[in-house]
Amino acid sequence: MSEHTQTVADERIKNEPFMTRMMKKPELGAIAGVILVTLFFLITADPVMFSLSGVMNFMTPAAQLGILAIGAAMLMIGGEFDLSIGSMVAFAGLFFGVCIVTWGLPLIFAIPLTFAFAAGVGATNGMIVIRSGLPSFIVTLAFLFILRGLSLVGLKAATGGSTQLRGVRDATENDFLAPFFAGDAFGGLFLWLAENGWVDTFKNGNPKVPGVPVEIIWFIVLALIATYILLRTPAGNWIFAAGGDTNAASNSGVPVNRVKITLFMVTACCAALVAIITVMDAGSTDSRRGFQKEFEAIIAAVIGGCLLTGGYGSAIGAFFGSIIFGMVVIGLTYTDFDQDWFQVFLGGMLLIAVLFNNAIRKRVTGER
Amino acid sequence: MLDATQNNAPIIQMNNIEKHFGNIIALAGVSFDVRPGECHCLLGDNGAGKSTFIKTMSGVHQPTKGEILFEGQPMNFATPRDAMEAGIATVFQDLAMIPLMSVTRNFFMGREPTKGSGLLKRFDVDHANQVTMEQMRQMGINLRGPDQAVGTLSGGERQTVAIARAVYFGAKVLILDEPTSALGVRQTSNVLATIDKVRAQGIGVVFISHNVRHALAVGDRFTVLNRGKTLGTAKRGEITPEQLQDLMAGGQEMAQLEGSLGGTV
């Protein structure tokens, strides 16, 4: 039998329509969501919301959540959860604050130390999950409380009774690394745009938007890196494989345990990055930082197409999921609606996303 | 064909293998060998020790007694990885496939081809897609595209992906653990045809089954396991389906059963 005759396409297979191909992309739901939410606010909200300053306004919380959500999404694709990331923000913030204020370290030492510390906590989480074989849900739920409690106790110890540690701004103001983690980027560009009259300015000629908040830059860069890793590197294949079926993956030579522990470390480092940015921005750290962010991050990841069972999802999806989140939180203030509708909206989005994802999974796997 | 294979030295030879789990004797002296380009069927009823035996061959278990010769040299596989690197590929019943992932991603899982170096070292997706399509076409399966999820393939097609993967990564011996047990008629014949193609490439195939008809369709030699022992090896044409069936069931009982079922089994 000649092999060449078999290259003829199967006559039962139609050309896939564009929509069907799009349906297979995990981030489709989140992109559709962004469009819907945008339409909704275009109709109901004050047009200021979609001016440059309005966009920066909702992108900032979206970015802070999104950095966490991208880490959470990668971990979820790898088949695990981390409920401790919200508490991790507070805990890493405490560590960072102590480095800066109590020990007087410059950022060039404080930042790597904070990341190393967070990675250590993440690795601990991961080791316990892997060694015990317990669901990560329960192990990291324990750490949600442990880390939050430690943040409170540690802050009181560091400050002599207060749950807030101040003085970060004074200590970091002139540090050469500070512009990478605080304030606005591309200030010169915006000034130039203002001089040419292309952006709104105050009366004195300064632009109303002084630049892009750094967290937005981090958010975009991380989303791109995560997407690249997931789709274009062997490590990305291992993450999908580890989440899809641990047994099949390790039988095929994927270092599943190493992949999962690394993902826990990455997630914790994402939390540390949010901690560093928000602490430098506020100039202080307190024990309530990152409160309930773990749920919001997981919701953003799920809206972005991640399956709760692992093995499927996308970082770009989590990116758009976070933007939806930011738009709704901030957008409601531009409308006449009561802001507390936010929670209803959030729950509704989550429910729709889960139902949608479930249907997609059945399509992809051919389950009936 | 038979004469040609008989002159070849066995790729792997297992002599008097015994395996004990505590006080349970799972294998009590099993001898088996595979030559290049032959399909050696290992038949046996449930509990005969087929699974334990192939796990010993693929490095999952270490034999309690007996010796393994790989290409004439004594071998001791400590892990499945060792066996895999030597060229013994096993396709277990779960297939080590992930339904949510694309055929390409499954095909290269754990062994991704890369291009570039340093930080730019990346999964060579184009090459991987091309190889996957090519290999699947050789096995007679036209994929809709390399990004088609494995979950959308039929059981027989999945089996074929697993076999193609093992062959592509240089298997000298391919162990198939009941590849046809859960398949329909048409899919079974596809898998049997795949086995035939693999054999034609000079790979030794170990085909585990408890279905005599499937075994007779492709097998060159047949070894029957019963209660942890080999009951003997027969060549193609030397044994009838009825004799094989009787051997597998341990002779007598089956004869009685067959009487009451009117010879339909």
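This short presentation describes the fold of chain B, the side of chain B that touches chain A, and one glycine of chain A.

Good morning, colleagues. Please keep in mind throughout that this is a predicted model.

I begin with the overall form of chain B. The chain contains 10 helices and 12 strands. Its radius of gyration is 19 Å, and because a compact globule of 265 residues would have a value near 18 Å, the two agree. The C-alpha trace spans about 65 × 40 × 40 Å along its principal axes. As for burial, 46% of the 265 residues of chain B count as buried. Consider also the contacts in chain B between residues at least 6 apart in sequence: 68% of these join residues at least 24 apart.

Let me turn to the sheet. Chain B has an open sheet of 6 strands, with mixed pairing, in the order E6-E9-E10-E3-E11-E12. Strand E6, residues 88–91, and strand E12, residues 229–235, stand at the edges of this sheet in chain B; each has a single partner strand, so one side of each lacks a neighbour in the sheet. From one strand to the next, the twist averages 20 degrees.

Within the sheet, I would draw your attention to one pair. Strand E3 of chain B, residues 39–44, and strand E10 of chain B, residues 204–209, pair in the parallel sense over 5 bridges. Here Leu42(B) stands opposite Ile208(B), which belongs to E10(B). A helix also packs on the sheet: H6 of chain B, residues 155–168, lies across E6 and strand E9 (173–177), and runs at about 170 degrees to E6(B).

Next, the interface. Here 25 residues of chain B are in contact with 26 residues of chain A. On the chain B side, strand E8 (122–123) and helix H5 (125–138) each supply at least two residues. The largest share of that side, 3 residues, comes from H5(B). By character, the residues of chain B on this side divide into 10 nonpolar, 7 polar and 8 charged.

Finally, I come to a single residue of chain A. Gly244(A) lies in helix H11 of chain A, residues 234–244. Is Gly244(A) buried or exposed? Gly244(A) counts as buried, because it has 27 C-beta neighbours inside 10 Å, and the cut-off for burial is 20 or more. Leaving aside neighbours within four places in sequence, Gly244(A) is in contact with Ala249(A), Gly310(A) and Gly311(A), and also with Ile98(B), Leu100(B) and Met101(B). By contrast, the C-alpha atoms of Gly244(A) and Gly331(A), 87 residues apart along the chain, are separated by 37 Å.

Thank you for your attention.

Technical notes:
Residues are numbered from 1 along each chain as its sequence is written. Chains are lettered from A and ligands numbered from 1 in the order in which they are written. This is a predicted model: local features need pLDDT of at least 70, side-chain atom pairs count only at pLDDT 80 or more; totals for chains, interfaces and linings use all residues. Helices (H or I, at least four residues) and strands (E, at least two) are DSSP runs, numbered from the N terminus. The radius of gyration is taken over C-alpha atoms; the globule rule is 2.2 Å times the number of residues to the power 0.38. A residue is buried if 20 or more other C-beta atoms lie within 10 Å of its own, exposed if 12 or fewer, and partly exposed in between; C-beta atoms are placed from the backbone. Two residues are in contact if their C-beta atoms, placed from the backbone, lie within 7 Å. Two strands pair if DSSP finds at least two bridges between them. Axes are lines fitted to C-alpha atoms, for helices over the stretch in contact, and angles run from 0 to 180 degrees between N-to-C directions. Ala, Val, Leu, Ile, Met, Phe, Trp, Tyr, Cys and Pro count as nonpolar, Asp, Glu, Lys and Arg as charged, and the others, Gly among them, as polar.
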